[in-house]
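Open the model in your viewer and start with the whole chain on screen. The stops below go from the overall fold down to single side chains.

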Amino acid sequence: MLEDNERVDHLIKEGYEIIQNDEVFSFSTDALLLGYLTEVRKNDKVMDLCSGNGVIPLLLAAKSTQPIEGIEIQEQLVSMARRSFKLNDLNDRLTMHHMDLKDVYQTFQPAQYTLVTCNPPYFKMNQNHQHQKEAHKIARHEILCKLEDCLMAARHLLKQGGRLYMVHRAERMMDVLTEMRRVNIEPKRLTFVYSKHDRDAQTILIEGRKSGNQGLDITKPFYIYQEDGTYSKEMKGIYYG
């Protein structure tokens, strides 16, 4: 089941295994945070955008019973995700679509989903710190899709009142909030993520609602590490339950 440079890692809390490859893609703490903070309701119909190697569908599958779909443009990552789903006997529940999310308008009827998640590329094309490997560039930089592409796709997929959960860089908070409101996904809940108490926020997690009323709740901050450099109680909970 494994191809060159691939390994199997464990999602300890969820009890699942996932195929990873550092040459192409390995999920980050941000994905774990997105999976942790996403609320999946009993009757939700779920789609994950920019799905990578399928980590978000796996994380959400552990806290739900319904089918979950993902969209990913990189063929190698789609293959890894599908093999991970098979490895965990989840083929009957998890589906990965190999496609460009900008094609959702031709592929999916509008307003069919109640929950969309997204861990999009963070960095703009004109930033200097682009990774050299093409697969990493595509995953982390706005080469094949931009923030507005992700949000437009989410708007198309979501029913009225449907929820979007997105993780992004704190430095791009205004881009995210402004673009969400432009596409009629109202920001409703915002969490700032800090590595330590004495550092600036590095990540944001946002919940939005399609055609929602105005009013944004700021949650308590999330800290990844304690002062001694060990994981915080909350982060340990994400990893180990």
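This tour covers the whole protein, then its cysteines, then one loop residue.

**Stop 1: the whole chain**

Keep in mind that this is a predicted model. Show it as a cartoon. You should find eight helices and 11 strands. Now show the C-alpha atoms alone. Along the principal axes, they fill a box of roughly 50 × 50 × 40 Å. The radius of gyration is 17 Å, which agrees with the value near 18 Å for a compact globule of 241 residues.

Next, look at how the chain packs against itself. Take contacts between residues at least 6 apart in sequence: 69% of them join residues at least 24 apart.

**Stop 2: the surface**

Switch on the surface. The accessible area comes to about 11,700 Å². Carbon and sulfur atoms account for 46% of that area. Of the 241 residues, 52% count as buried.

Color by charge next. There are 32 positive and 34 negative charges. How far apart are the mean positions of the two sets? They are separated by 5 Å.

**Stop 3: the cysteines**

Select Cys 50, Cys 118 and Cys 150. A search of the whole structure finds zero disulfides. Cys 118 is in no disulfide, and its nearest cysteine sulfur, in Cys 50, is 4.0 Å away. Is Cys 118 buried or exposed? Cys 118 is buried, because its relative accessible area is 0%.

Move to Cys 150. Why is there no bond from Cys 150 to Cys 50? The closest cysteine sulfur to that of Cys 150 is in Cys 50, at 3.8 Å, so the pair is too far apart for a bond. The cut-off for a disulfide is 2.5 Å between the sulfur atoms. Cys 150 is also buried, with a relative accessible area of 1%.

**Stop 4: Gln 66**

Select Gln 66. Where does Gln 66 sit? Gln 66 lies in the loop between helix H2 (55–61) and strand S4 (68–72). Gln 66 counts as buried because its relative accessibility is 9%, and the limit for buried is under 20%.

Now show what surrounds this side chain. Leaving out residues up to four places away in sequence, Gln 66 touches Val 40, Arg 41, Lys 42, Asn 43, Asp 44, Val 46 and Arg 93.

For a last step, add Gln 20 and draw a distance between the two C-alpha atoms. Gln 20 and Gln 66 are 46 residues apart along the chain, and their C-alpha atoms are separated by 25 Å.

Key:
Residues are numbered from 1 along each chain as its sequence is written. This is a predicted model: local features need pLDDT of at least 70, side-chain atom pairs count only at pLDDT 80 or more; totals for chains, interfaces and linings use all residues. Side-chain values use heavy atoms; hydrogens and water are left out. Helices (H or I, at least four residues) and strands (E, at least two) are DSSP runs, numbered from the N terminus. The radius of gyration is taken over C-alpha atoms; the globule rule is 2.2 Å times the number of residues to the power 0.38. Buried means under 20% relative accessible area, exposed over 50%, partly exposed in between (1.4 Å probe, protein chains only). Contact means heavy atoms within 4.5 Å. Accessible areas come from the Shrake-Rupley method with a 1.4 Å probe; for residues, only the protein chains shown count as cover. Lys and Arg count as positive and Asp and Glu as negative; His and the chain ends are not counted. The place of a charge is taken as NZ of Lys, CZ of Arg, CG of Asp or CD of Glu.
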